[in-house]
Amino acid sequence: MDSGSWHLELPYDLWVTLPVSGARPSPRYKHAAAVFDQKLYIVGGSRNGRFLSDVQVFDLRSLAWSNLRLETELDADKTEDSGLLEVLPPMSDHCMVKWGTKLLILGGHYKKSSDSMIVRFIDLETNLCGVMETSGKVPVTRGGHSVTLVGSRLIIFGGEDRSRKLLNDVHFLDLETMTWDAVEVTQTPPAPRYDHSAALHANRYLIVFGGCSHSIFFNDLHVLDLQTNEWSQPEIKGDLVTGRAGHAGITIDENWYIVGGGDNNNGCQETIVLNMTKLAWSILTSVKGRNPLASEGLSVCSAIIEGEHHLVAFGGYNGKYNNEVFVMRLKPRDIPRPKIFQSPAAAAAAASVTAAYALAKSEKLDIPKTLSSKFAGIGNDLSEKDVRTDIDAIKEDKRVLELSLTEVRTENSRFREKIDEVNSTHSELSKELSSVQGQLVAERSRCFKLEAQIAELQKMLESSQTIENEVQILRQQKSAFEQEMERATSVQTQGSGGVWRWIAGGQ
């Protein structure tokens, strides 16, 4: 296989093992994977009960593996104090999503893990690795959970905490503010589980499939409406799928591809596809029982190579640990129809309208002459009577459609009357509002005048208080002056009486 044009030699919708040049990474499962710039990044995982901390890179152009050497943003003292001496600690059962030029790693199982979920990052431009600070209602740490990107938010569901408690809670992480928030959901949620898969449909619905408890492997499918935060379990069509956990999934357009998984006894050999619009399962292809693709804890990603979608799978455990790279070249699907034609009712209505339109045009022709000339050389396969019968049936369909159209027009007329009534009420309310607003303006003007008068009265009161104080002072001065006059008069009277008594005594 030519490493430069290997993708052109692939058959459609079949798994093919890619030849690899150079050394391979160690086999593993329960790792995390992502594709960026046509390179497959594998982070961590588990093998023989030992957690791994390496980052392996597979170049989809050269078909060669390499080891990514990371640098930390923390100095040695800080990392030693915080117990994070490793640049990237060994981990398993974690989740990883691509956000811009960074890989975000959430949760997982570590030898030394905190009680709260840690968000780590790997910057693919600088090879810098570190821990992102978060705030808000940080969820408990866990492994085997699912992380789904919705716009600039991550949705975390389920998993298993450090004490092996199964979870079915929902949390949001806002990547713009790095703030956590718990989601209050309604209706019946999925049973607590881990090692399930989750996908986003129509940027509104979170779909959860499979997973397991400590004793049960699920094949159910649940939907969370992200606008109403309401859980539901819709009716599923198509092929019957078996219960599984440890599978991997990836969405492309309206299709959700599920690979691998198992129930601890048997691996799932089928690659299945869920049409998320029709909610119907179908089997895309199958592999043999001992194939690495029938494994638990494998990963699957999507890559666009020369304009075509490819699935890329790696790792897993099916009695032995695997490290092979598989790729599937997806056959181009039909272009999705417009939403107006996606429902059967809408499609039937469109077909009926088309038939009625065609009939309306055909009635303008001379049908007997046209048909007689057309069928003259055909023989007795079709008779004019049969054609007439078909035309009568079409006319009957047209009549039914016209009746339906009349009913719709009547309904529209009622709606128009209601709309006119609402508009009339709105007009009256608008006039009343304008009148009230005018009165309010007049009252405000009156209030302004009253406030001005009050201000003038306050000034007058202050002025009268000053005058009253001056009058009081004058009164006090007058009273003091009068008292002084009385004392002076008394002294003068006493003085004159004494002289006369002295004169009289002298005689």
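Me: I would like to start with a helix. Where do R487 and E484 lie, and how many residues apart are they?

Reply: Both R487 and E484 belong to helix α4, which spans residues 384-506. They are three residues apart, about one turn of the helix. Please keep in mind that you are looking at a predicted model.

Me: Thanks! How do the side chains of R487 and E484 meet?

Reply: They form a salt bridge, with 2.4 Å from N to O. The idea behind the term is that a side-chain nitrogen of Lys or Arg comes within 4 Å of a carboxyl oxygen of Asp or Glu.

Me: Is R487 buried or exposed, or does it count as something in between? And what about E484?

Reply: A residue counts as buried under 20% relative accessible area and as exposed over 50%, with partly exposed in between. R487 has 46% relative accessibility and so counts as partly exposed. E484, at 44%, is partly exposed too. Salt bridges can also share partners, and in that way K30, D93 and D195 are joined into one network.

Me: How many salt bridges does a search of the whole structure find?

Reply: The search turns up twelve of them. One is formed by the side chains of R142 and D169, at 2.7 Å from N to O. R142 sits in the loop between β11 and β12 (146-150), while D169 is in strand β14, so this salt bridge ties together parts that are 27 residues apart in sequence.

Me: Is R142 buried or exposed?

Reply: R142 is buried, as its relative accessible area is 1%. Its partner D169 has 25% and is therefore partly exposed.

Me: What does the side chain of R142 reach, and at what distance?

Reply: That side chain comes to 3.1 Å from the backbone oxygen of V140. The pairing of R142 with D169 also shows up as a polar contact between their side chains, at 2.7 Å. Leaving aside residues up to four places away in sequence, R142 touches a set of residues including G107, G108, H109, M117 and H171.

Me: Which parts of the chain does the pair of E308 and R329 link?

Reply: Let us look at the bridge itself before its location. The side chains of E308 and R329 meet in a salt bridge of 2.8 Å, N to O. E308 is in strand β26 (residues 308-314) and R329 in strand β27 (residues 325-329), so the pair links distant parts of the chain, 21 residues apart. E308 counts as buried because its relative accessibility is 16%. R329 is likewise buried, at 10%.

Me: Now to the strands. How do strands of a sheet pair?

Reply: They pair through backbone hydrogen bonds, and the pairing is either parallel or antiparallel. Here, an open sheet is made of four strands in the order β2-β3-β4-β5, with antiparallel pairing. At its edges stand β2 (32-36) and β5 (64-67); each has a single partner strand, so one side of each has no neighbour in the sheet. On average, neighbouring strands of this sheet are turned by 25° against each other, direction ignored.

Me: Over how many bridges do β4 and β5 pair?

Reply: Strand β4 (residues 50-59) and β5 share four bridges in the antiparallel sense. You can trace them by their partners: D59 faces A64 in β5, and Q56 has N67 as its bridge partner. The two strands make a hairpin with four residues between them, and L63 in the turn has a positive phi of about 55°.

Me: In which sense do β11 and β15 pair?

Reply: Strand β11 (residues 135-136) and strand β15 (residues 179-182) are parallel, with two bridges. G136 stands opposite W180 in β15. By contrast, strand β14 (residues 166-174) runs antiparallel to β15, and four bridges join them. Here F172 is found opposite D181. The hairpin of β14 and β15 has four residues between its strands, and M178 takes a positive phi near 55°.

Me: One last topic: what is a disulfide?

Reply: In general, a disulfide is a covalent bond between the sulfur atoms of two cysteines. This structure holds zero disulfides. As for cysteines you can look up, C129 is buried at 1% relative accessible area, and C301 counts as buried at 6%.

Terms used. Residues numbered from 1 in each chain as written. Predicted model: local features only at pLDDT ≥ 70, side-chain atom pairs only at ≥ 80, totals over all residues. Heavy atoms only, no water. Pairing = 2+ DSSP bridges. Axes fitted to C-alpha atoms, helices over the stretch in contact; angles between N-to-C directions. Buried < 20%, exposed > 50% of the residue type's maximum accessible area, 1.4 Å probe, protein only. Disulfide = S-S within 2.5 Å. Polar contact = N/O pair within 3.5 Å; in protein donor to acceptor, adjacent residues only side chain to side chain. Contact = heavy atoms within 4.5 Å.
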